[in-house]
Amino acid sequence: MNIALFGGRFDPPHNGHLNIAAYVLHAGLEIDEVWLIPAKTHPWRPIVSSGEDRLAMLKLLETETIRVNDVDLKRKSKT
């Protein structure tokens with residue numbers, strides 16, 4: 001299984017994020033799933049929404065091939 005990792009602030013997630021994920025899945029790159037990974041921190045832009053809120057918003061976008069992973073939110077250090 002080939003998985004593409006798509007990290008970002010997702011503050012909030014929007015159609016542009018979905019369009020990128022859909023493109024990766026259908027561009028002939030042999031990608032089976034795209035995982036959306038909300039960042040714990042961001043180097044130059046503030047994150048307004050909590051990690052829990054961003055994770056909940058992303059879970060509304062999940063499909064069979066677009067998944068959400070909270071690995072970065074669980075980190076003890078900065079992204």
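In this predicted model, the buried residues of helix α2 are covered by elements that include β1 (3-8), β2 (33-38) and β3 (66-68). Helix α2 itself spans residues 51-59, and its buried members are Gly-51, Arg-54, Leu-55 and Leu-58. These four residues lie on the same side of α2, because the arc they cover around the axis is only 100°. The helix is laid across β1, β2 and β3, and its direction makes an angle of about 160° with β2.

The strands that meet α2 belong to an open sheet of 3 strands, arranged in the order β1-β2-β3 with parallel pairing. Strands β1 and β3 form the edges, each of them pairing on one side only. On average, and with direction ignored, neighbouring strands of the sheet are turned by 25° against each other. Between β1 and β2, which run parallel, there are 6 bridges. Within this pairing, Leu-5 is placed opposite Trp-35 of β2. Strand β2 is largely enclosed by the rest of the structure, since 5 of its 6 residues are buried.

A further helix, α1, is formed by residues 15-26. Like α2, helix α1 lies across β1, β2 and β3. The angle between α1 and β2 is about 150°.

Helices and strands contribute jointly to the interior. The largest nonpolar core consists of 12 residues, namely Ala-4, Phe-6, Phe-10, Ala-21, Leu-25, Ile-31, Val-34, Leu-36, Leu-55, Leu-58, Ile-66 and Val-68. At least two residues of this core come from each of β1, α1, β2, α2 and β3. Two of the buried residues of α2, Leu-55 and Leu-58, are thus also listed in the core. The surroundings of one core residue, Val-34, illustrate how these elements come together. With residues up to four places away in sequence left out, Val-34 touches Ala-4, Phe-6, Ala-21, Val-24, Leu-25, Thr-65, Ile-66 and Arg-67.

The core also holds both partners of an aromatic contact. The structure contains 1 aromatic pair. It is formed by Phe-6 and Phe-10 in an edge-to-face arrangement, with 5.4 Å from centre to centre and 70° between the planes. The arrangement is classed as edge-to-face because the angle between the planes is over 60 degrees. Both rings belong to buried residues: Phe-6 has a relative accessibility of 16%, and Phe-10 has a relative accessible area of 2%.

Several backbone features occur in the loops. Most residues other than glycine have a negative phi, and most peptide bonds are trans. Phe-10, situated in the loop between β1 and α1, departs from this pattern with a positive phi near 50°. The loop between β1 and α1 also contains Pro-12. The peptide bond that joins Asp-11 to Pro-12 is cis, with omega at about 5°. A positive phi is found again at Glu-30, where the value is near 60°. Glu-30 is located in the loop between α1 and β2. Whereas Phe-10 is buried, Glu-30 counts as exposed, at 64% relative accessibility.

The start of the chain is described last. Met-1 occupies the segment before β1 and is exposed, its relative accessible area being 71%. Despite this exposure, Met-1 makes contacts with Asp-32 and Glu-33 when neighbours within four places in sequence are set aside. The C-alpha atoms of Met-1 and Glu-33 are 8.0 Å apart, although 32 residues separate the two along the chain.

Conventions. Residues numbered from 1 in each chain as written. Predicted model: local features only at pLDDT ≥ 70, side-chain atom pairs only at ≥ 80, totals over all residues. Heavy atoms only, no water. Buried < 20%, exposed > 50% of the residue type's maximum accessible area, 1.4 Å probe, protein only. Arc of directions from axis to C-beta. Contact = heavy atoms within 4.5 Å. Pairing = 2+ DSSP bridges. Axes fitted to C-alpha atoms, helices over the stretch in contact; angles between N-to-C directions. Core = buried A, V, L, I, M, F, W, Y, C linked by side-chain atoms within 4.5 Å. Phe/Tyr/Trp six-rings, centres within 6.5 Å; stacked < 30°, edge-to-face > 60°.
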